[in-house]
Amino acid sequence: MLVPDDRGMAELSTIDGVRPLRYRLGEPLPEGAEQAKVLIPGFLTGTGATELLGQLPDLEYVQLLSAGAELWIDRVPPGVLLSTCRGAHGGSTAELVIGALIGVYREFDGFATTQREHRWNQHRTDTMQGKRVLIVGAGDIGEQLSRRLLPFDTTVTLVGRTARDGVHGAAELPELLTEHDIVILVVPLTQATTGLVDAAFLARMPDGAILVNAARGPVVRTDALVEELRTGRLRAVLDVTDPEPLPADHPLWTMPGLVLFPHQGGTCTGHEDRAWRVVRTEIARYAAGEKPRNLVRGEY
């Protein structure tokens with residue numbers, strides 16, 4: 001089993017039947033790596049780790065430390081299992097989203113400016129209370145968001161790929177967009193979700209609504225969003241962008257009504273603990289002859 005860091009070595013070395021080998025990207029693989037049946041890529045390592053796939057003839061299983069699998073879906077060879085780290089980063093991402101929304105409605109940025117100017121500027125702000133929130137994506141992050149948003153006296157609607165108890169289906173999305181003050185994207189990046197948020201999607205959102213992208217950058221058509229932000233009709237919170245990283249001369253940097261983060265959702269204190277806790281459970285199941293719970297197997 002190929003492991004990307006010392007924390008992983010410590011976590012997995014105590015599982016019966018598991019022999020972890022530490023590897024480093026850009027360096028030759030350790031002796032015995034050609035017999036590895038499991039590969040664990042590092043957290044947010046990009047496409048570099050996918051190049052290892054061609055060097056592992058006995059590979060049976062790829063276990064990710066991230067919740068997103070879009071870089072691996074089309075690269076993992078047929079028959080090789082692929083499992084995400086679903087359950088590790090949902091709470092942190094939800095926290096960032098809610099913090100940003102509170103900051104927008106209570107004008108934290110504006111008050112920080114008047115503080116620097118030594119200027120007392122008491123005035124009425126907006127509030128989260130009573131807001132109608134549409135969460136597009138009903139997986140772990142969507143559920144974590146819903147649980148945390150309800151105590152703020154918001155109304156939460158979940159949309160998934162297919163309808164089920166408590167979750168609306170994707171076919172209902174166009175109508176639902178017109179009825180919500182906040183739209184939060186937490187879908188995986190797939191062929192179906194790439195470019196989901198286009199000019200028509202944005203046009204259905206009410207004046208003054210906030211779009212939050214905590215999914216992946218290409219879920220939103222950047223040019224369409226820039227045009228809406230320029231008019232001031234909509235606002236946005238972006239944890240991810242397309243392209244990413246965002247070039248220094250990109251128009252998004254200067255758009256009014258935009259709060260921009262450099263893909264910070266799961267990057268916070270303790271994220272290694274939470275990720276390896278999930279991975280350890282998945283690896284233990286695999287070592288015991290069971291299937292990991294977070295399998296994506298080449299499609300969502």
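A nonpolar core is a set of buried Ala, Val, Leu, Ile, Met, Phe, Trp, Tyr and Cys residues joined through side-chain atoms within 4.5 Å. The legends below describe close-up views of a predicted model.

**View 1. The largest nonpolar core has 30 residues.**
Val183, Leu185, Phe201, Met205 and Leu211 make the most contacts inside this core. Six elements each give two or more residues to the core: strand S6 (132-136), helix H5 (173-177), strand S8 (182-185), helix H6 (199-204), helix H7 (222-231) and strand S10 (235-238). H7 supplies the largest share, four residues. A second, separate core has 23 residues. Among its members are Tyr105, Met128, Leu149 and Ile210.

**View 2. Leu211 and its contacts beyond four places in sequence.**
Which residues does Leu211 contact, leaving aside its neighbours within four places in sequence? The list begins with Val183 and Leu185. It goes on with Val197, Phe201, Leu202 and Met205. Val220 and Leu225 are also in contact with Leu211. Arg235, Ala236 and Val237 complete the set.

**View 3. An open sheet of six strands.**
The strand order is S7-S6-S8-S9-S10-S11, and the pairing is parallel. Strand S7 (155-159) and strand S11 (258-260) stand at the edges. Each of these two has a single partner strand, so one side of each lacks a neighbour in the sheet. From one strand to the next, the twist averages 15°. S10 and S11 run parallel and are joined by three bridges. Leu238 has Leu260 in S11 as its bridge partner.

**View 4. Strand S8 between S6 and S9.**
S8 pairs with S6 in the parallel sense over four bridges. S8 and S9 also pair in the parallel sense, over four bridges. Val136 has Leu185 in S8 as its bridge partner. On the S9 side, Leu185 is partnered by Asn213, and Ile182 by Ile210. In a regular strand, side chains alternate between the two faces of the sheet. From S8, Ile182 and Ile184 point one way, while Val183 and Leu185 point the other way. All of them are buried.

**View 5. Strand S9, covered on both faces.**
Ile210 and Val212 lie on one side of S9. Leu211 and Asn213 lie on the other. All four residues are buried. Ile210 belongs to the second core, whereas Leu211 is among the residues with the most contacts inside the largest one.

**View 6. Helices H2 and H4 across the sheet strands.**
Helix H2 (residues 90-105) lies across S8, strand S9 (210-213), S10 and S11. H2 runs at about 155° to S9. Helix H4 (residues 140-149) lies across S6, S7 and S8. H4 runs at about 165° to S6.

**View 7. The packing of H2 against H4.**
Two packed helices are described by the angle between their axes and the distance between the axes. For H2 and H4, the angle is about 50° and the axes are 8 Å apart. H2 is therefore oblique to H4. H2 passes H4 in a right-handed crossing. From H2, the contact uses Gly90, Gly91, Thr93, Ala94, Val97 and Ile98. From H4, the contact uses Asp140, Ile141, Gln144, Leu145, Arg148 and Leu149.

**View 8. Helix H7 and its buried residues.**
The buried residues here are Thr222, Ala224, Leu225, Val226, Glu228 and Leu229. What covers them includes H6, S9, S10 and S11. An α-helix has 3.6 residues a turn, so residues three or four places apart point the same way. Just after H7, Gly232 takes a positive phi of about 80°.

**View 9. Glu228 in helix H7.**
Is Glu228 buried or exposed? Its relative accessible area is 14%. Buried means under 20%, so Glu228 is buried. Leaving aside neighbours within four places in sequence, Glu228 is in contact with Leu202, Ala203, Arg233 and Leu234.

**View 10. Gly68, in the loop between strands S4 and S5.**
The loop that holds Gly68 runs between strand S4 (61-63) and strand S5 (81-83). Gly68 counts as buried, at 17% relative accessibility. Gly68 and Arg216 are 148 residues apart in sequence. In space, C-alpha to C-alpha, Gly68 and Arg216 are 8.5 Å apart.

Key:
Residues are numbered from 1 along each chain as its sequence is written. This is a predicted model: local features need pLDDT of at least 70, side-chain atom pairs count only at pLDDT 80 or more; totals for chains, interfaces and linings use all residues. Side-chain values use heavy atoms; hydrogens and water are left out. Buried means under 20% relative accessible area, exposed over 50%, partly exposed in between (1.4 Å probe, protein chains only). Contact means heavy atoms within 4.5 Å. Two strands pair if DSSP finds at least two bridges between them. Axes are lines fitted to C-alpha atoms, for helices over the stretch in contact, and angles run from 0 to 180 degrees between N-to-C directions. Angles under 35 degrees count as roughly parallel, over 145 as roughly antiparallel, 65 to 115 as roughly perpendicular and the rest as oblique. A crossing is left-handed if the near helix is turned anticlockwise from the far one by less than a right angle, and right-handed if clockwise.
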